[in-house]
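Here's a structure to explore together. Take a look at the sequence and the 3D view, and then we'll walk through a few things worth noticing.

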There are 2 protein chains.
Amino acid sequence: MIKKDHLYMEEAIKEAKISLKENGIPIGAVLVENNKIIGKGHNKLLQGESSILHAEMDCIESAGKLKGVDYKKCTLYTTLSPCEMCSGTIILYKIPRIVMGENETLKGPEEYLIENNVELINMDLEKCKMILKSFIIKHPDLWNEEMERVHD
Amino acid sequence: MIKKDHLYMEEAIKEAKISLKENGIPIGAVLVENNKIIGKGHNKLLQGESSILHAEMDCIESAGKLKGVDYKKCTLYTTLSPCEMCSGTIILYKIPRIVMGENETLKGPEEYLIENNVELINMDLEKCKMILKSFIIKHPDLWNEEMERVHD
């Protein structure tokens with residue numbers, strides 16, 4: 001199971017790198033059902049005018065309209081701890097298992113996910129922290145602008 | 001204030017009716033800042049392949065990338081109580097005031113919004129219930145399919 005989690009997290013990291021190439025924030029996600037990737041996505045806040053296309057949202061949207069029974073078999077891999085919006089979407093569709101790359105750079109409402117019976121696994125991977133950290137160091141203005149939009 | 005709330009809710013209802021004309025689920029929303037409508041949207045789950053474009057999400061997306069200080073001045077009008085995804089988005093962007101048309105047909109996590117300092121007003125309007133009820137009676141298959149995607 002751990003081996004598979006690493007494999008799918010690598011795919012989420014590939015998505016984060018695609019975002020980086022598009023001059024976007026390097027956060028990526030993949031949705032896996034029955035050992036098959038059925039959705040992929042990355043943060044698109046800087047690529048266009050979106051306020052809702054975080055990596056997890058873009059990934060869930062890319063999977064198309066699944067049946068309830070399918071969402072309930074999925075694991076969502078994301079390079080960063082899911083925010084309030086993404087956590088709400090995970091709870092709405094009852095995705096039962098989340099594997100995150102890290103929660104040091106930002107931490108979403110993890111207790112809210114746990115209260116709603118979502119299993120959370122934090123792989124605490126240096127490479128997920130580093131890819132985001134490099135972006136923040138290179139583009140503090142872009143990062144701070146996004147942070148200002150959501151923080152007090 | 002009540003008069004203005006009715007005025008903006010009428011605009012949200014217009015959005016619900018636009019969805020109906022597109023053979024979509026009649027739920028609408030508008031985002032208002034300083035007595036000006038800055039975003040409009042409606043549920044688009046049936047119009048395309050979206051799983052994330054609920055009325056509130058479509059509305060927030062249509063407003064473009066606002067600054068944090070602007071979201072904090074907004075009221076979001078929606079014809080139906082916001083679901084987990086939309087509530088999470090409201091909390092992420094710290095939209096401080098939600099006016100809903102009704103919460104009888106479906107009720108979202110209103111306590112979670114209140115705990116996060118969101119002011120909630122339920123106008124409990126028959127016309128909001130009726131527009132959605134008429135759709136459900138006419139298209140029980142479409143409605144039940146959407147319900148099956150998110151319910152146990």
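**Starting from one cysteine**

Let's begin with C128(B): if you skip its neighbours within four places in sequence, C128(B) is in contact with M9(B), I13(B), T79(B), G101(B) and E102(B). Keep in mind that you're looking at a predicted model. You'll find C128(B) in helix 6 of chain B, which covers residues 126-138. With a relative accessible area of 2%, C128(B) is buried. If you want a distance to check on screen, try V99(B): V99(B) and C128(B) are 29 residues apart along the chain, and their C-alpha atoms are separated by 12 Å.

Now, cysteines make people think of disulfides. How many disulfides are there over all chains? The count comes to zero. Take C128(A): the closest cysteine sulfur belongs to C59(A) and is 14 Å away, so that's too far for a bond. C128(A) also counts as buried, at 3% relative accessibility. Then there's C86(B), whose nearest cysteine sulfur, in C83(B), is 3.9 Å away. The cut-off for a disulfide is 2.5 Å, and C86(B) is in no disulfide. C86(B) counts as buried too, with 0% relative accessibility.

Next, let's see where the two chains meet. On the chain A side, 36 residues are in contact with 36 residues of chain B. The size of an interface is often given as the accessible area lost when the parts come together. Here, the area buried between chain A and chain B is about 3,200 Å², and carbon and sulfur atoms give 53% of that. Which three residues of chain A supply more of its buried area than any other three? They're K65(A), L92(A) and R149(A), which supply 23% of the area that chain A buries against chain B.

K65(A) is worth another look: K65(A) forms a salt bridge with E146(B), and the closest N and O atoms are 2.6 Å apart. Across the interface of chain A and chain B there are two salt bridges. You can also count 26 residue pairs in polar contact between chain A and chain B, with both residues at pLDDT 80 or more.

So which helices of chain A each supply at least two residues of the side that touches chain B? They're helix 2 (55-62), helix 3 (68-71), helix 4 (84-92) and helix 7 (140-150). Helix 4 of chain A gives the largest share of that side, six residues. Sort the side of chain A that touches chain B by class, and you get 16 nonpolar, nine polar and 11 charged residues.

Terms used. Residues numbered from 1 in each chain as written. Chains lettered and ligands numbered in written order. Predicted model: local features only at pLDDT ≥ 70, side-chain atom pairs only at ≥ 80, totals over all residues. Heavy atoms only, no water. Buried < 20%, exposed > 50% of the residue type's maximum accessible area, 1.4 Å probe, protein only. Contact = heavy atoms within 4.5 Å. Buried area = accessible area lost by both parts, 1.4 Å probe. Salt bridge = Lys/Arg side-chain N within 4 Å of Asp/Glu carboxyl O. Polar contact = N/O pair within 3.5 Å; in protein donor to acceptor, adjacent residues only side chain to side chain. Helix = DSSP H or I, 4+ residues; strand = E, 2+ residues; numbered from the N terminus. Nonpolar A, V, L, I, M, F, W, Y, C, P; charged D, E, K, R; others polar.
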